[in-house]
Amino acid sequence: MHHKVNLTIDGASISVAKGTSVLEAALQYAICIPHLCHMPTLTDIGACRLCIVENVQNGKSKITASCTLLVQEGMVIRANSEQVRNLRRNIAELLVTQAPNSRAIQDIAVRCGVTKPRFSLRRDDCVLCGRCVRVCNELYQAHAIGFVGRGKNRRVKYPLEEKPESCVMCRACVTLCPMAVTPCDGPMDAGEEYFCGKCESITLTPQYSVGDCIRCDLGEGFHCSRQT
Ligand code: SF4
Ligand code: SF4
Ligand code: FES
């Protein structure tokens, strides 16, 4: 029998298997914690920071990523406090500044309350979420791509600049990349300073139809019934 761990998240009593992350526990109970780099079958690396929560201990709280935080007996988690939401909005704002034409990231940003980023749009081709590298390494064990460089020059590349033989052309790296989502056909041309909200309205629709923004499933935590 699996040992269960009891905790509270936003006041709700939660009971999950030992070894579960706080993010997974919240999602199991339909509590909304935005996330981008987390993928259920891959190792969490805490790259995007969107999933931050307050971990309250002895009256003090510590802000930490919930995907890399394992549940502990008696834990008290605040996933949607004002402090968390403000910080999360700033994180989402930075992400959408990096990748303003990714529908997935637009959706996340809108839902985190970003309507007008304060910074110049960078239009990078990568937000360094590591989904591609992890799926390649962990699911296909191909180790065909990896991170190279530091800081602003950090990118995902083939180790020797050309496709290695270990690449099985599965395209999982592309399928799971938030940048692979086609640009929003809303008002997101160069110089635009606001978001159309179209993705948000689509993801609030219970049934998708062909052509809808299905990649918004990247932020699957947003599909919970509990709106904050
Ligand atoms: S297409 Fe190649 S690089 Fe991409 S995940 Fe598959 S094996 Fe890795
Ligand atoms: S290429 Fe895409 S999936 Fe890979 S780290 Fe960059 S944004 Fe993430
Ligand atoms: S840091 Fe937790 S989902 Fe990205």
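These legends describe close-up views of a predicted model.

**View 1. The surroundings of ligand 2.** Eleven names make a long list, taken here in stretches. From the earlier part of the chain come Cys-126, Val-127, Leu-128, Cys-129, Gly-130, Arg-131 and Cys-132. Val-156, Cys-177, Pro-178 and Met-179 also surround ligand 2. By type, the shell holds nine nonpolar residues, one polar and one charged.

**View 2. The largest nonpolar core.** This core has 20 residues. Those touching the most other members are Leu-7, Ile-9, Ile-14, Val-22, Ile-33, Val-71 and Ile-77. Four elements are listed as giving two or more residues to the core: strands β1 (4–9), β2 (12–17) and β5 (75–78), and helix α1 (22–28). Helix α1 gives the most, with four residues. A separate core lies apart from this one and has 18 residues. Leu-36, Leu-50, Ile-52 and Ile-91 are among them.

**View 3. Ile-9 and its contacts.** Which residues does Ile-9 contact, leaving aside neighbours within four places in sequence? They are Ile-14, Val-22, Ala-25, Ala-26, Ile-31, Ile-77 and Ala-79. Ile-14, Val-22 and Ile-77 also appear, with Ile-9, in the list of core residues that touch the most other members.

**View 4. Met-75 in strand β5.** Met-75 is found in strand β5. Is Met-75 buried or exposed? Its relative accessibility is 6%, so Met-75 counts as buried; the cut-off is under 20%. Beyond neighbours within four places in sequence, Met-75 is in contact with Asn-6, Leu-7, Thr-8, Val-22, Asn-55, Leu-69 and Leu-70. Take Asn-55 from that list: Met-75 and Asn-55 are 20 residues apart in sequence. Their C-alpha atoms are 7.4 Å apart in space.

Key:
Residues are numbered from 1 along each chain as its sequence is written. Chains are lettered from A and ligands numbered from 1 in the order in which they are written. This is a predicted model: local features need pLDDT of at least 70, side-chain atom pairs count only at pLDDT 80 or more; totals for chains, interfaces and linings use all residues. Side-chain values use heavy atoms; hydrogens and water are left out. A residue is near a molecule or strand if one of its heavy atoms lies within 4 Å of it. Ala, Val, Leu, Ile, Met, Phe, Trp, Tyr, Cys and Pro count as nonpolar, Asp, Glu, Lys and Arg as charged, and the others, Gly among them, as polar. A nonpolar core is a set of buried Ala, Val, Leu, Ile, Met, Phe, Trp, Tyr and Cys residues joined through side-chain atoms within 4.5 Å. Buried means under 20% relative accessible area, exposed over 50%, partly exposed in between (1.4 Å probe, protein chains only). Contact means heavy atoms within 4.5 Å.
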